[in-house]
Amino acid sequence: MTDNPLAEATVDRVAPPAVLVVFGASGDLTSRKLMPAVENLALRRLLPPGFSVVGVARTPMGDDEFRERMRATVEEMGGGGEEAKHVWQAFSGGFRYVAGDYSDPSTFTKLRDVLDEIDAQRGTAQNRLIYLATPPDTFPVVVRGLAACGLNRPAHDNAFVRIVIEKPYGRDARSAEKLDATVHEAFDEHQVYRIDHYLGKETVQNVLALRFANAIFEPIWNRRYVNHVQITVAESLGVGHRGGFYEKAGALRDIVQNHVMQVLALTLMEPPATFDAGGIRDEKVKALRAVDLMNAEEVTQNVVRAQYRSGWVQGSEVGGYRDEEGVDPHSQTETYVAMRLKVDNWRWAGVPIYIRTGKYLPKRVTEVAMEFNKVPHLPFAMSQAEGLEPDALVLRIQPDEGITLRFGAKVPGQAFRVRSVSMDFFYGAAFLEETPEAYERLLLDALLGDPTLFIRSDEVAQAWRICDPVLAAFEDGDLPLARYEAGTWGPPEADALLDRDGRRWRKP
Ligand code: BG6
């Protein structure tokens with residue numbers, strides 16, 4: 001092994017020489033997600049020698065201080081260690097920082113000069129991956145600043161300039177369209193990588209593997225067998241220090257429009273003709289287009305919004321949302337949403353899709369559960385099947401990544417009784433490889449120019465169209481804000497939503 005771990009790239013998917021330019025370099029996302037991902041990619045020998053990072057933000061600081069800060073935050077996040085020391089040594093000349101206001105043109109000219117220097121010193125070949133890890137209202141100004149300086153276009157035919165844009169991408173369909181127009185003035189769609197970190201999760205990608213690499217699931221993946229689907233994104237944390245951000249977002253914009261819609265699209269989509277970015281994204285958009293757009297009245301019947309009150313979560317007492325830092329004491333922002341969606345296509349007609357997400361629920365769990373129809377006729381007495389629930393297939397996205405199949409089995413003994421049992425597949429036990437973090441996978445894909453796991457413009461637009469009527473009902477006050485005690489599975493109104501259909505939410 002040489003002293004430079006960046007020089008030891010031995011696997012196929014190694015990033016090309018490039019500079020990662022991070023706007024919002026002093027922010028939370030950069031230190032909690034992006035820098036640990038960079039360190040891990042380097043440790044896995046997936047970054048080439050010379051790979052460099054330029055941070056841009058308002059906070060004044062020098063290059064060394066920036067590198068030191070990033071190294072320290074990565075350590076706080078559990079990184080660091082002996083081997084990582086070599087990584088940071090190799091990065092020593094390749095970490096630069098540009099301080100400046102995003103609305104000031106000189107910030108971008110300074111950035112251009114720094115990038116030219118890095119290209120000359122570290123052989124980064126004028127390849128740039130620009131990452132907008134900034135609050136969404138800064139996206140247009142940064143995009144325009146980049147364009148005014150020519151930083152939006154590759155310097156020659158063999159170079160690339162790509163821009164990764166964080167969520168939320170717009171606040172509704174109209175603003176997303178407007179943002180798209182601004183972005184497209186500077187960048188072509190093929191340069192734009194709209195990120196949703198859920199798509200970088202192995203288990204989310206495994207939805208595709210399960211469905212399309214196996215012959216046994218596809219025949220039952222439809223209205224003939226599936227009774228209903230429940231998608232849950234539950235968090236055991238509250239909004240923490242992000243109250244200011246969350247007040248403007250709410251659960252619908254923060255989780256449903258992106259993470260839930262992505263998981264939903266992968267679950268419902270048709271098999272793609274080709275397993276490439278175009279093929280997969282075309283089918284995802286088609287699936288989202290089949291989701292019925294609710295009118296105002298349907299929203300009131302099919303959607304529940306709620307906010308947490310104080311309560312107990314995992315043994316600790318926690319305050320209510322309105323007591324959080326940066327939150328209006330009379331806030332009407334929802335921290336929980338439950339919805340019943342209708343999908344109008346051949347495969348899913350008549351199969352309700354229930355989705356829910358919330359902060360301060362009893363545990364952190366993301367799953368897709370398909371509950372199957374009951375047998376047409378039970379050949380034993382009801383009393384023999386008291387513990388029998390409908391068959392179900394549960395894709396556990398996180399934690400305890402894996403798959404559970406629930407089915408009926410005979411209870412051992414002289415009597416003939418059946419009850420439900422589970423067959424479990426655990427990722428961790430089946431594969432010994434360490435699972436890469438979502439951001440690691442996505443950064444590498446963006447560096448390699450593979451947009452499959454990023455969201456295309458028409459996908460974002462369609463996801464907003466589904467959410468827009470719901471947002472309108474929230475904003476017009478047509479849908480009352482329910483309250484739930486922190487540490488419970490949401491408000492009684494959410495239970496009533498399923499009760500009406502004779503169903504219950506799962507308690508994962
Ligand atoms: C982010 C949201 O996109 O996803 C957060 O802004 C949320 O509010 C987070 O906590 C959840 O991500 P994960 O990977 O922990 O499920």
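Me: With which residue does Arg 347 form a salt bridge, and how far apart are the closest N and O atoms?

Reply: A salt bridge is a side-chain nitrogen of Lys or Arg within 4 Å of a carboxyl oxygen of Asp or Glu. In this structure Arg 347 is paired with Glu 270, and their closest N and O atoms are 2.7 Å apart. The bridge links distant parts of the chain, since Arg 347 lies in the loop between β11 (336–341) and β12 (353–358) while Glu 270 lies in the loop between α8 and α9, 77 residues apart. The element names come from DSSP runs numbered from the N terminus, with helices (H or I) of at least four residues and strands (E) of at least two.

Me: On what basis should I read these values?

Reply: This is a predicted model, in which local features need pLDDT of at least 70 and side-chain atom pairs count only at pLDDT 80 or more, whereas totals for chains, interfaces and linings use all residues. Residues are numbered from 1 along each chain as its sequence is written, and side-chain values use heavy atoms, with hydrogens and water left out.

Me: Are Arg 347 and Glu 270 buried or exposed?

Reply: A residue is buried under 20% relative accessible area, exposed over 50%, and partly exposed in between (1.4 Å probe, protein chains only). Arg 347 is buried, because its relative accessible area is 12%. Glu 270 has 28% and is therefore partly exposed.

Me: How many salt bridges are there by this rule, and which distant parts of the chain does the pair of Arg 253 and Glu 475 link?

Reply: The count comes to 32 salt bridges. In one of them, Arg 253 meets Glu 475, with the closest N and O atoms 3.1 Å apart. This pair joins helix α8 (residues 243–268), which holds Arg 253, to helix α13 (residues 457–475), which holds Glu 475; the two residues are 222 residues apart. Arg 253 counts as buried at 7% relative accessibility, whereas Glu 475 is exposed at 53%.

Me: Where in the chain are Arg 456 and Asp 282?

Reply: Their side chains meet in a salt bridge of 2.9 Å, N to O. Arg 456 is in the loop between α12 (438–448) and α13, and Asp 282 is in helix α9, so that distant parts of the chain, 174 residues apart, are linked. Arg 456 is buried, with 16% relative accessible area, and Asp 282 is partly exposed at 38%. Salt bridges can also share partners: Arg 211, Glu 218, Glu 270 and Arg 347 are joined in this way into one network.

Me: Why is helix α7 described as largely enclosed by the rest of the structure?

Reply: The description rests on burial: eight of the eleven residues of α7 (residues 202–212) are buried, so the helix is largely enclosed. Among the buried residues are Val 204, Leu 208 and Arg 211. Their cover includes α8, α9, β14 (392–398), β15 (402–410), α11 (427–430) and α12.

Me: Which residues surround the ligand?

Reply: A residue is near a molecule if one of its heavy atoms lies within 4 Å of it. Around the ligand stand Lys 167, His 197, Tyr 198, Lys 201, Glu 235, Arg 242, Asp 254, His 259, Lys 359, Arg 364 and Gln 398. Oxygen atoms of the ligand lie 2.8 Å from an N or O atom in the side chain of Tyr 198, 2.6 Å from a polar side-chain atom of Lys 201, and 2.5 Å from a polar side-chain atom of Glu 235. Taken alone the ligand exposes 400 Å², of which the protein buries 82% (Shrake-Rupley areas with a 1.4 Å probe).

Me: Where do cis peptide bonds occur around Pro 168 and Pro 399?

Reply: One cis bond joins Lys 167 and Pro 168, with omega about -5°; Pro 168 is in the loop between β5 (161–165) and α6 (173–186). Another runs from Gln 398 to Pro 399, with omega near -20°, and Pro 399 is in the loop between β14 and β15. Lys 167 and Gln 398 are also among the residues that surround the ligand.

Me: What is the phi of Arg 45, and what is that of Gln 314?

Reply: Arg 45 has a positive phi of about 65° although it is not a glycine. It lies in the loop between α1 (28–43) and β2 (52–57) and is buried at 10% relative accessible area. Gln 314, likewise a residue other than glycine, has a positive phi near 45°. Gln 314 is in the loop between β9 (311–313) and β10 (316–318) and is exposed at 58%.

Key. A polar contact is a pair of N or O atoms within 3.5 Å; within protein, one must be able to donate a hydrogen and the other to accept it, and residues adjacent in sequence count only if both atoms are side-chain atoms. Contact means heavy atoms within 4.5 Å.
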